[in-house]
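Here are my notes on this model. Please read them with the structure open.

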Amino acid sequence: MADTWLIVGLGNPGPRYEATRHNVGQMVIDELARRRSETLRSHKANARVAETWLRPGGAKLVLAKPNSFMNVSGGPVSALAAFYGVPAERVVIVHDELDIPFDSLKLKVGGGHGGHNGVRDVAKALGTPEFPRVRVGIGRPPGRQDPADWVLDPFGAAERPNLPIAIADAADAVEQLVEEGLLAAQQRHHAPRA
């Protein structure tokens with residue numbers, strides 16, 4: 001049987017946060033589900049989930065969006081990992097990243113949380129920071145705006161035309177990470193866009 005991968009998009013629940021920068025990870029989950037004509041359904045682990053496949057005959061994907069707020073994402077993630085029997089090395093966390101410019105992304109396994117409270121909580125709940133991450137760049141706020149406010153704002157008018165491309169790129173990166181491994185995905189997605 002193919003390996004099962006848990007792909008989790010971090011964010012905040014409810015319409016107030018849907019289009020905010022902090023929810024870009026959940027936007028990527030929506031794109032992965034859309035590509036497979038899947039609908040996320042309520043799961044007892046306090047998340048919405050779709051079970052699908054990378055491709056016919058490929059790895060099983062459990063696409064998930066926690067119903068919890070960002071800073072307490074760990075509970076739903078660890079509950080889903082336990083429910084599906086997925087080890088940390090196959091739990092892919094997709095999240096926003098202030099220190100990466102908008103419209104760029106980076107992949108890594110392990111390391112620190114970089115001040116991202118959702119990632120911090122997931123590492124605590126899983127008992128290890130050694131899980132793959134697809135970090136979707138949202139850039140730093142202009143001027144003196146507090147980063148905590150910036151992440152809860154919707155994407156700006158200048159960003160919105162490129163947002164679907166950034167989301168599609170991140171979805172591609174998730175698929176390549178599962179199919180070909182971290183290094184191949186990094187080599188493709190860390191290169192400057194032509």
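1. Element order. From the N terminus, the protein chain runs β-α-β-β-β-α-β-β-α-β-α-α-α. That comes to 6 helices and 7 strands. Keep in mind that this is a predicted model.

2. Overall dimensions. The C-alpha trace of the protein chain spans about 50 × 35 × 30 Å along its principal axes. Is the radius of gyration what a compact globule would have? For 194 residues, the expected value is near 16 Å, and the protein chain has 15 Å, so the two agree.

3. Burial and contacts. Of the 194 residues in the protein chain, 53% count as buried. Among contacts with a separation of 6 or more, 69% join residues 24 or more positions apart.

4. Surface and charge. The accessible surface of the protein chain is about 8,900 Å². Carbon and sulfur atoms hold 53% of that surface. The protein chain carries 23 positive and 22 negative charges. Their mean positions lie 2 Å apart.

5. Main core. In soluble globular proteins, nonpolar side chains tend to be buried together. Here the largest nonpolar core has 35 residues. I7, V24, V28, L32, L63, V94 and V134 have the most contacts inside this core. Which elements give two or more residues to it? They are the strands β1 (4-9), β4 (60-66), β5 (91-97), β6 (105-109) and β7 (132-137), together with the helices α1 (24-35) and α5 (163-180). Helix α5 supplies the largest share, 8 residues.

6. Second core. A separate core of 20 residues is also present. A64, A81, Y84 and V122 are among its members.

7. V94 up close. V94 is one of the residues with the most contacts inside the largest core. Leaving out residues up to four places away in sequence, V94 touches I7, V8, G9, L10, G25, V28, V134, V136 and V174. I7, V28 and V134 from that set are also listed with V94 among the best-connected core residues. This is a good place to start when inspecting the packing.

8. Q26, a polar residue to check. Q26 sits in helix α1. Is Q26 buried or exposed? Its relative accessibility is 5%, under the 20% cut-off, so Q26 counts as buried. Beyond its neighbours within four places in sequence, Q26 contacts G9, L10, G11, N12, R48, K65 and P66. Helix α1 also gives two or more residues to the largest core.

How values were computed:
Residues are numbered from 1 along each chain as its sequence is written. This is a predicted model: local features need pLDDT of at least 70, side-chain atom pairs count only at pLDDT 80 or more; totals for chains, interfaces and linings use all residues. Side-chain values use heavy atoms; hydrogens and water are left out. Helices (H or I, at least four residues) and strands (E, at least two) are DSSP runs, numbered from the N terminus. The radius of gyration is taken over C-alpha atoms; the globule rule is 2.2 Å times the number of residues to the power 0.38. Buried means under 20% relative accessible area, exposed over 50%, partly exposed in between (1.4 Å probe, protein chains only). Contact means heavy atoms within 4.5 Å. Accessible areas come from the Shrake-Rupley method with a 1.4 Å probe; for residues, only the protein chains shown count as cover. Lys and Arg count as positive and Asp and Glu as negative; His and the chain ends are not counted. The place of a charge is taken as NZ of Lys, CZ of Arg, CG of Asp or CD of Glu. A nonpolar core is a set of buried Ala, Val, Leu, Ile, Met, Phe, Trp, Tyr and Cys residues joined through side-chain atoms within 4.5 Å.
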